[in-house]
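Here is a short briefing on how some helices pack against each other. Have a look at the model first, and then we can go through the pairs together.

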Amino acid sequence: MSDRVAVRAWLLLTKGDAQRLEGNRDEARTQYELGHQADPGSTLGQQATLRLARTNFEMREFAQAVSDVSGLLAALQVPEIRVAALLLQGSPASPGMAGG
């Protein structure tokens with residue numbers, strides 16, 4: 001992974017966070033998707049996918065959140081990301097999400 005790719009992924013992730021804090025969830029989702037695409041196999045890319053899934057969940061896009069989390073769990077990732085993804089997957093807010 002080049003430094004340039006990592007910086008791009010980090011910037012997109014940060015832009016997504018800023019958009020989410022301002023209440024622009026659709027734009028946040030776009031930035032998280034781009035962050036994942038910029039460096040999909042890295043920890044930053046996995047963080048972007050997790051944040052995308054959380055944002056989809058908050059927007060009640062449960063099927064998409066399940067898809068995001070399932071892809072994340074299928075990939076190798078750091079334990080903290082895996083735990084967060086498992087918690088999101090089993091969240092009681094949507095019965096359809098439990099168990100993937």
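Which handedness does the crossing of α2 and α3 have? The crossing of α2 and α3 is left-handed (the near helix is turned anticlockwise from the far one by less than a right angle; clockwise would be right-handed). This is a predicted model, in which local features need pLDDT of at least 70 and side-chain atom pairs count only at pLDDT 80 or more, while totals for chains, interfaces and linings use all residues. Residues are numbered from 1 along each chain as its sequence is written, and side-chain values use heavy atoms, with hydrogens and water left out.

**α2 with α3**
- Helix α2 (residues 25–38) and α3 have axes that come within 8 Å and cross at roughly 155 degrees (lines fitted to C-alpha atoms over the stretch in contact, with angles from 0 to 180 degrees between N-to-C directions).
- That angle makes α2 roughly antiparallel to α3 (over 145 degrees).
- On the α2 side, the contact (heavy atoms within 4.5 Å) is made by R25, R29, Y32, E33, G35 and H36.
- On the α3 side, G45, A48, T49, R51, L52, T55, N56 and E58 take part.
- The residues of this contact divide into three nonpolar, six polar and five charged.

**α3 with α5**
- The axes of helix α3 (residues 43–58) and helix α5 (residues 79–89) come within 11 Å and cross at roughly 15 degrees.
- α3 is therefore roughly parallel to α5 (under 35 degrees).
- α3 passes α5 in a left-handed crossing.
- T43, Q46, Q47, L50, A53, R54 and F57 of α3 meet I81, A84, A85 and L88 of α5.
- Seven nonpolar, three polar and one charged residue make up this contact.

How values were computed:
Helix = DSSP H or I, 4+ residues; strand = E, 2+ residues; numbered from the N terminus. Parallel < 35°, antiparallel > 145°, perpendicular 65-115°, else oblique. Nonpolar A, V, L, I, M, F, W, Y, C, P; charged D, E, K, R; others polar.
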